[in-house]
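Here is a set of short exercises to work through with the structure open beside you. Try each task before reading on to its solution.

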Amino acid sequence: MKSAGTGTSAVKSAVRLTASLLFGLIILLLNPVLASPIPGLEPAKSWDLDGYIKYMGTYTSPDDSSGISDHLLHQRFNFEYRFDSELRFNVSMRNRLFYGDSAEVPGYGDLIGSDPGYWDMSTTWLDNDAWVGNTQFDRAYIDWKPSEFAGGDWQARVGRFRINWAMSTLWNPNDIFNAYSIYDFDYEERSGADAVLISRQLGFASSLDFVYNPNQDSKLTSFAMRYLSNYESWDLQFLIGKSGFDHVLGAGFAGDLSGAGFRGEFSYFDPQYDYWPVEDAAAYNASASISGIHTPSANAPNINTADVFNAFSGEPQRLVATSVSTLEMDYSFTGPRNWMVRGSVLHISNPTEPDSALLYLNLPLTARTLSFTNWTRYLELGFDISPLSRLTFSSSFYDDGSYFIGANMSYSLANEWSLLMVAQRFDGSSGSLFGVTPSTLGYMQLKWSF
């Protein structure tokens, strides 16, 4: 039988051994040179390459004219090179080959090849009869983020990248650098912006971001600051800055309400000028160059804020302040079918009306032109047909009587193969924007990822 003194000594020895091991482990973790890579956490190699190839066939059937067909072969590369654990370089390139009735429209190749960024990183290498070929780099940036053990509260990123300041998942008044159309399902990566990002972590789920987005026209240079935080499981953000020709002030939130996702965003746009274009009005009349194009919104090119605004209005317009706000809620039901319902409402105090539905559907939007009426409503319902396929119905309704009804079905053919079929109907009451040129569109997309 051991004595009490012997037991106490053994305990002390164990404590000293444990303390020594903990001390050694802390030294090892604090010194990245001595620390060995942790399997599963450290990348196996210094670079990654992935992407996809997809084909999409489109048939557009206007009610009052003959139908047109288009074909798109789309290939994408995503490449990342890691110099070390703190510095990396990313570049993404997409190559698109168009064939069909839309590609025959004069000026279509120039429109597809337009690049709104500070640097022109797009080239149209084929524009002949019904063929248009284009290559664009929509990501090209260097990212620096020091490790956690080297004071890693800062992050810097320079180049072309996506600046996602959205809280909602449908309409995004806070997404002042990368707004997009809700009908554009084919460009899932979304366009990037040429910018400089400086970010500072302020604590758990809290940060301060500053973005500078230069433009060749200095009047359209954008910059903004965002404060992101979390309060009792609710994400909150506030932003202030300049977007194109507008001063902007915004806020957003996202959280959970009795099991349902609940999100909202608000932005107030106050123009710097009384009119746009400020100087030479004729030079900015973009509507003439894109009239007659029936290309689906999925093939929409990138155009800057001023082009979008003038294409909407068709001619120089008096600028007025406007607020853009949205509320969104979704709920997922547990069960083998994974039913999900989502609803959203958008309000714009002073909407800008486009000349036609074709302009609205083919041009990328800005955060102040997410819709063309004061109120817009959206409803979506989706469920799994089988473990490999899902069906989603969606609809949107506008104040002027325009409406959209859509359905899409996705099917996983194999590990890297997927099939997507989409039907869209744009229509409305007599005199409404969509009602003037009602049309039905059908898409079939086959995708191979690598």
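A nonpolar core is a set of buried Ala, Val, Leu, Ile, Met, Phe, Trp, Tyr and Cys residues joined through side-chain atoms within 4.5 Å. Keep in mind throughout that this is a predicted model.

**Exercise 1. The nonpolar cores**

Task: Find which residues have the most contacts inside the largest nonpolar core, and which strand supplies the largest share of this core.

Solution.
- Step 1. Start with the core itself: the largest one has 23 residues, and Ile163, Trp165, Ile176, Phe177 and Val211 have the most contacts inside it.
- Step 2. Turn to the strands. E7 and strand E16 (340-348) each supply at least two residues of this core, and E7 gives the largest share, three residues.
- Step 3. Now zoom in on Val211. Neighbours within four places in sequence set aside, Val211 touches Ile163, Trp165, Phe177, Ala195, Val196, Leu197, Ser222, Phe223 and Ala224.
- Step 4. Finally, look for another core, apart from the largest one; this other core has 22 residues, including Tyr360, Phe426, Leu433 and Phe434.

**Exercise 2. Three salt bridges**

Task: For the salt bridges of Arg200, Asp175 and Arg263, name each partner and say whether the residues are buried or partly exposed.

Solution.
- Step 1. A search of the whole structure gives 24 salt bridges. Arg200 pairs with Asp153, with 3.4 Å between the closest N and O atoms.
- Step 2. Place the two ends. Arg200 belongs to strand E7 (residues 193-203), while Asp153 is in the loop between strand E5 (131-144) and strand E6 (154-161), so the bridge ties together parts 47 residues apart in sequence.
- Step 3. Check the accessibility. Arg200 has a relative accessibility of 28%, so Arg200 counts as partly exposed; Asp153, at 37%, is partly exposed too.
- Step 4. Move on to Asp175. Its salt bridge is with Arg162, and the closest N and O atoms are 3.2 Å apart. Asp175 and Arg162 are 13 residues apart, each in the loop between E6 and E7. Both Asp175 and Arg162 are buried.
- Step 5. Finish with Arg263, which meets Glu328 in a salt bridge of 2.8 Å, N to O. Since Arg263 is in strand E12 (residues 260-271) and Glu328 in strand E15 (residues 322-332), the pair ties together parts 65 residues apart in sequence.
- Step 6. The cut-off for buried is under 20% relative accessible area. Arg263 has 11%, so Arg263 counts as buried, and Glu328 is buried with 1%.
- Step 7. To close, trace a network in which salt bridges share partners: Lys45, Asp48, Glu80, Arg82, Arg88, Asp143 and Arg157 are joined in this way.

**Exercise 3. Aromatic rings and charges**

Task: Work out why the pair of Trp171 and Tyr378 is edge-to-face, then find which charged residues lie over the rings of Phe161 and Tyr180.

Solution.
- Step 1. The count of aromatic pairs comes to 24. In the pair of Trp171 and Tyr378 the ring centres are 6.2 Å apart and the planes stand at 80°, so the pair is edge-to-face.
- Step 2. Trp171 is in the loop between E6 and E7 and Tyr378 in strand E17 (residues 375-386), so this pair ties together parts 207 residues apart in sequence. Both Trp171 and Tyr378 are buried.
- Step 3. Trp234 and Phe262 are also edge-to-face, at 6.5 Å centre to centre with 90° between the planes. Trp234 is in strand E10 (residues 234-243) and Phe262 in strand E12, so parts 28 residues apart in sequence are tied together. Trp234 is partly exposed, at 23% relative accessibility.
- Step 4. Tyr183, Phe372, Tyr398, Phe404, Phe426 and Phe434 form one aromatic cluster.
- Step 5. For the charges, Arg157 has its charged end over the ring of Phe161, 5.5 Å from the ring centre, and Arg190 lies over the face of Tyr180 at 3.8 Å.

**Exercise 4. Confidence**

Task: Find where the pLDDT is under 50 in residues 1-8 and 21-36, and how many contacts the model has there.

Solution.
- Step 1. The chain has an average pLDDT of 84, and 80% of the residues score at least 70.
- Step 2. Residues 1-8 stay under 50, with zero contacts beyond four places in sequence.
- Step 3. Residues 21-36 are also below 50, and this stretch has four contacts beyond near neighbours in sequence.
- Step 4. Where pLDDT is low, predicted coordinates should not be read in detail.

Key. Residues are numbered from 1 along each chain as its sequence is written. Side-chain values use heavy atoms; hydrogens and water are left out. A salt bridge is a side-chain nitrogen of Lys or Arg within 4 Å of a carboxyl oxygen of Asp or Glu. Helices (H or I, at least four residues) and strands (E, at least two) are DSSP runs, numbered from the N terminus. Buried means under 20% relative accessible area, exposed over 50%, partly exposed in between (1.4 Å probe, protein chains only). Rings of Phe, Tyr and Trp (its six-membered ring) pair if their centres lie within 6.5 Å; planes under 30 degrees apart count as stacked, over 60 as edge-to-face and the rest as tilted. A charge sits over a ring if NZ of Lys or CZ of Arg is within 6 Å of the ring centre and within 35 degrees of the ring normal. Contact means heavy atoms within 4.5 Å. pLDDT is the predictor's confidence in each residue, from 0 to 100.
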